[in-house]
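Grab a pencil and have a go at these exercises before reading the solutions. Each one starts with a task and then walks through the reasoning.

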Amino acid sequence: VPVSVRASSAAFGEPGRRTEKRPRGELLALTGVLVGALGFAAALTCVYMAMRNLMVQAGGMCASGGPYQIAAGHECSSGQIGLLMGGIFAMLIFGGIYATATGAAGGLGGASDAAYLMWAALFGSLGFNFLSLGFNPPHGQSGAGGWIISGVVFELMALGGLLAFLSSARDWLRRGGGPEPSLIPGPVVRAAVNEGAAPPSPPSGRAPRVGGPQGEPGPSAPVPKRLNLPPHDPGGR
Amino acid sequence: MRVNQGFAWLLATIAGAAGGIFLGHAIAVSVL
C-alpha cells in the first residue's frame, strides 16, 4: 500500500501554524504561573525584609563564626540568615517555575518576558531599600552615601528589565495577541509527495536507487521513489 | 483567543504577586 506522507508546514515550525493546546494544558500552565508568581513574590518579600532588617539593625553587614572576633551588634541572626539564604534559593526555584509556565501558557511572548519582569521586581525592590535607607539612614548610622549609589545602580538595572518587558508587551499588543514570528521563514526545501506511486516491490537484494543523472541503468525492479530530482541539465549553471 | 490567554496570564501574575507579598510579609514578620 503506498504510503503518502504529506510534508506539513507545521512540522517545519511555519509561523501562524501553532498547534492548538488543549484547555487542560492551558489551565495547568496558568496554575504554574500563579504558583510561580506567588512563590517568587513571597521569597522576594522575605529577602527584602531581611535585607532591610539587616541594614537597620547592623548597618548592612553581619558575620558569624570564623576565627575573627565579630564586633558587637554585627552578629548575624538566624532569622536574617534563614530569610536571605532561603529566599534566594526559593526565588531561583519559583522563578524557574514561573518562567517555564509562562512559556507554556503563551503569555506575552515567552519565558524571557517573565525573566524581564522578575529582574525588574528584584532590582527595583532591593534598590528601593538602598535609596530609602540611604536618604533616611537609621539612628547612629553614618556614611550612607554608598547606599544611595547602590540604589541608583539597582534602579537603573531594574529600568532595563522594565523597558524590555514593556517593549515586548507593546509588540504583543500590536500583534493582537498572536505568537511571535519565527526567525526561520518556513520550509526551505519541500518534499515532493508521491501520491499514487507504484506499490513497493518485494526486496530484491539491491538497495533502492533514489535518483541520479540520466543515462545510468535503472534498477532491475521498480522501487518507490523517495525524491523527485529535476532532470539533469548539462548546460545549466 | 490569544489575547484572552495573555490577559489570563497577566491576571495570574498579579494575583500570585499580591498573594506572595502577603505570604512573604507574614513569614518575615514571624521569623524576624
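Below are six exercises on this model, which is predicted.

**Exercise 1. Get the lay of chain A**

Work out how many helices and strands chain A has, and what pattern they follow along the sequence.

Solution. Start by counting: chain A has four helices and zero strands. Read them off in order and you get α-α-α-α. Next, look at burial: of the 237 residues in chain A, 28% are buried. Finally, check how far along the sequence the contacts reach. Take the contacts in chain A between residues at least 6 apart, and 64% of them join residues at least 24 apart.

**Exercise 2. Pack helix 2 against helix 3**

Describe how helix 2 and helix 3 of chain A pack, and sort the contact residues by class.

Solution. Step one is the geometry. Helix 2 of chain A covers residues 78-105 and helix 3 of chain A covers 111-135; they pack at about 145°, and their axes are 7 Å apart. Step two is handedness: helix 2 of chain A crosses helix 3 of chain A in a right-handed way. Step three is to list who touches. Helix 2 of chain A brings A:Met91, A:Gly95, A:Tyr98, A:Ala99, A:Thr102 and A:Gly103, while helix 3 of chain A brings A:Ala111, A:Ala114, A:Leu117, A:Met118 and A:Leu122. Step four is the tally for this contact: eight nonpolar residues, three polar and no charged ones.

**Exercise 3. Find the hubs of the core**

Which residues touch the most other members of the largest nonpolar core, and which elements build that core?

Solution. The largest nonpolar core has 27 residues, and A:Val33 and A:Tyr98 touch the most other members. Now see where the core comes from. The elements giving two or more residues are helices 1 (23-58), 2, 3 and 4 (145-174) of chain A, plus helix 1 (2-31) of chain B. Helix 1 of chain A gives the most, at nine residues.

Zoom in on one hub. Setting aside neighbours within four places in sequence, A:Val33 contacts A:Tyr98, A:Ala101, A:Thr102 and A:Ala105, along with B:Trp9, B:Ala12 and B:Thr13. As background, nonpolar side chains tend to be buried together in soluble globular proteins.

**Exercise 4. Sort the cysteines**

Decide how many disulfides there are over all chains, and say which cysteines take part.

Solution. The count is one disulfide over all chains. The partners are A:Cys62 and A:Cys76, with 2.0 Å from S to S. The link of A:Cys62 and A:Cys76 is right-handed, with 95° about the S-S bond. Both A:Cys62 and A:Cys76 sit in the loop between helix 1 and helix 2 of chain A, 14 residues apart.

Now compare exposure, using under 20% relative accessible area as the cut-off for buried. A:Cys62 comes out partly exposed because its relative accessible area is 27%. A:Cys76 has 18%, so A:Cys76 is buried. For one more cysteine, try A:Cys46: with 7% relative accessibility, A:Cys46 is buried too.

**Exercise 5. Two small residues in helix 1**

Are A:Gly32 and A:Ala37 buried or exposed, and what do they touch?

Solution. Take A:Gly32 to begin with. A:Gly32 is in helix 1 of chain A and counts as buried because its relative accessibility is 14%. Beyond neighbours within four places in sequence, A:Gly32 contacts A:Ile97 and A:Ala101. A:Gly32 is 72 residues from A:Ala104 in sequence, with 9.2 Å between their C-alpha atoms.

A:Ala37 also lies in helix 1 of chain A. At 8% relative accessibility, A:Ala37 is buried. With the same neighbours within four places left aside, A:Ala37 contacts A:Tyr98 and, from chain B, B:Ala12, B:Thr13, B:Gly16 and B:Ala17. A:Ala37 and A:Phe94 are 57 residues apart in sequence and 7.2 Å apart from C-alpha to C-alpha.

**Exercise 6. A helix 1 residue with distant partners**

Where does A:Val56 sit, and which residues is A:Val56 in contact with outside its neighbours within four places in sequence?

Solution. A:Val56 belongs to helix 1 of chain A. With 40% relative accessibility, A:Val56 counts as partly exposed. The contacts are A:Leu133 and A:Pro138. Now bring in distance: A:Val56 and A:Pro138 are 82 residues apart in sequence, yet their C-alpha atoms are 5.7 Å apart.

Definitions and conventions
Residues are numbered from 1 along each chain as its sequence is written. Chains are lettered from A and ligands numbered from 1 in the order in which they are written. This is a predicted model: local features need pLDDT of at least 70, side-chain atom pairs count only at pLDDT 80 or more; totals for chains, interfaces and linings use all residues. Side-chain values use heavy atoms; hydrogens and water are left out. Axes are lines fitted to C-alpha atoms, for helices over the stretch in contact, and angles run from 0 to 180 degrees between N-to-C directions. A crossing is left-handed if the near helix is turned anticlockwise from the far one by less than a right angle, and right-handed if clockwise. Contact means heavy atoms within 4.5 Å. Ala, Val, Leu, Ile, Met, Phe, Trp, Tyr, Cys and Pro count as nonpolar, Asp, Glu, Lys and Arg as charged, and the others, Gly among them, as polar. A nonpolar core is a set of buried Ala, Val, Leu, Ile, Met, Phe, Trp, Tyr and Cys residues joined through side-chain atoms within 4.5 Å. Buried means under 20% relative accessible area, exposed over 50%, partly exposed in between (1.4 Å probe, protein chains only). A disulfide is a pair of cysteine sulfur atoms within 2.5 Å.
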